[in-house]
Amino acid sequence: MKFAEFTQSIRRGDFKPVYFFAGEETGLIEEGVRLLLDRLVTPEMRDFNFDAFYGSDVPATRVLDIACAYPMLAAYRTVLVRDVHKMPAGDLLALAEYAKKPCPTTHLILTQREKGSKKKGLEVLSKIAGFVDCRPLYDNQIVPWIQSHIASLGMTISPEAAQWLATEVGNSIQALRSEIDKLQTYLGSERQITLEHVREVAGFRREFSVFSLQEALGGRNLAAALRIVEVLAENTSPGAIVSSLARYFGQLYLAQTLSRRQDLAVLSQKTGVHAFFAERLQREARAYSSSALFNALEVLRHVDYLAKSQSISAPLLLRLMTIAIIKQLPVQSLPFPRVSANELLEA
């Protein structure tokens, strides 16, 4: 099931006897485990009816002995096994066999942080247990996650502030949660997070952000954009900047095809941004022709290749990228060898 479906089932009080959380987004895995433990393990149950292990340290026989035992002075017991993929294949098959007919008074929670394990027991568990897919958030899922997480803290956040966080931080749950924790500490008893709050807190970390760079590029303000990339280059990898800008210019490209005011809702849906930012995308898309946007994406693609393959100063590379995009210079103007797709394949 998707993570959102899991949280909905938890709110309904619909618990499964065996859960299996697996995926690359460890933040979602930890959040899912925490949600279950908050509901299933009360303080008075912790001593006698809750056990936690790591897959590398415990055999399946030990886990199953506990899972099959009756709870002590409680309705059920809970067993957590983190990194279950580190168990031997035979142990995983034993757990999978248990999941076919689990003990009705036990909740068994399994987690797998490693991607791509081919052990047969894991595949069987993913089909039998309450499997929760913890893959990284898509772009259009970041803002809803931020809003939902902040609501769970008893707070609210304005759409533009949520979008700013999504653009600035990306889809890492742990990084997003860290930023929200800072905001919570900063605001104290205040319950409403605004764009000004987010900017102020981020300002403690760095003067400019990728979001600021997008605004400068969208306004074709070369002086501001160059000043921002100089600062960003000190603490942000070129890959992260290029990735964010590629997403932004892709959104501008879409905004040119959905340029009417009545297209705002569709643009907001397709880009995954709030209507406030969809309107801004439409406005900034007018600063570029279609060919200029296509050229910007080509420049970004080439700069990404250079950053990964050549020993070039990051500030220099980002300055040249910024100039080429705003002045709409062709990618061939970059003073570095350009390798074609065919040449790459032949290399």
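How far apart are the mean positions of the positive and negative charges of the protein? Select the 40 positive and 37 negative charges; their mean positions lie 4 Å apart. Keep in mind that this is a predicted model.

**Stop 1: the whole protein**

Show everything as a cartoon. You should find 18 helices and seven strands. Turn the view along the principal axes. The C-alpha atoms fill a box of roughly 70 × 55 × 40 Å.

Now switch on the surface. Its accessible area is about 17200 Å². Carbon and sulfur atoms account for 53% of that area. Of the 347 residues, 47% are buried.

Next, think about contacts. Take those with a separation of 6 or more: 75% of them join residues 24 or more positions apart.

**Stop 2: the largest pocket**

Select F3, A4, T7, L28 and W145. Among the 23 residues lining the largest pocket, these are the closest to its centre. The pocket has a volume of about 710 Å³.

Which helices should you colour here? Pick α1 (3-11), α2 (26-40) and α7 (139-152), since each supplies at least two residues of the lining. Leave α7 coloured for the next stop.

**Stop 3: the largest cavity**

How many cavities of 30 Å³ or more does the structure hold? There are two. Go to the largest cavity, with about 200 Å³ of space. Select Q163, T167, R247, Q251 and V273. Of the 17 lining residues, they are the closest to the centre of this cavity.

Now colour the helices around the largest cavity. Each of these supplies at least two residues of its lining:

- α7, coloured at the last stop
- α8 (159-169)
- α11 (210-218)
- α13 (238-257)
- α15 (275-285)

So α7 contributes to the lining of the largest pocket and also to that of the largest cavity.

**Stop 4: I157**

Select I157. This residue is found in strand β6, which covers residues 156-157. Is I157 buried or exposed? I157 is buried, because its relative accessible area is 12%, and buried means under 20%.

What does I157 touch, leaving out residues up to four places away in sequence? Show the side chains of I146, Q147, I150, A162, L165, Q192 and I193; I157 touches each of them.

Finish with a distance. Draw a line between the C-alpha atoms of I157 and H197. These two residues are 40 apart along the chain, and their C-alpha atoms are separated by 9.9 Å.

Methods: Residues numbered from 1 in each chain as written. Predicted model: local features only at pLDDT ≥ 70, side-chain atom pairs only at ≥ 80, totals over all residues. Heavy atoms only, no water. Helix = DSSP H or I, 4+ residues; strand = E, 2+ residues; numbered from the N terminus. Buried < 20%, exposed > 50% of the residue type's maximum accessible area, 1.4 Å probe, protein only. Contact = heavy atoms within 4.5 Å. Areas by Shrake-Rupley, 256 points an atom, 1.4 Å probe, with all protein chains shown as cover. Lys, Arg positive; Asp, Glu negative; His and termini not counted. Charge placed at Lys NZ, Arg CZ, Asp CG, Glu CD. 1 Å grid on protein atoms, 1.4 Å probe; cavity = no way out; pocket = protein on both sides within 12 Å on 5 of 7 lines; lining within 4 Å. Points joined across faces, edges and corners; volume = space filled by probe spheres on them.
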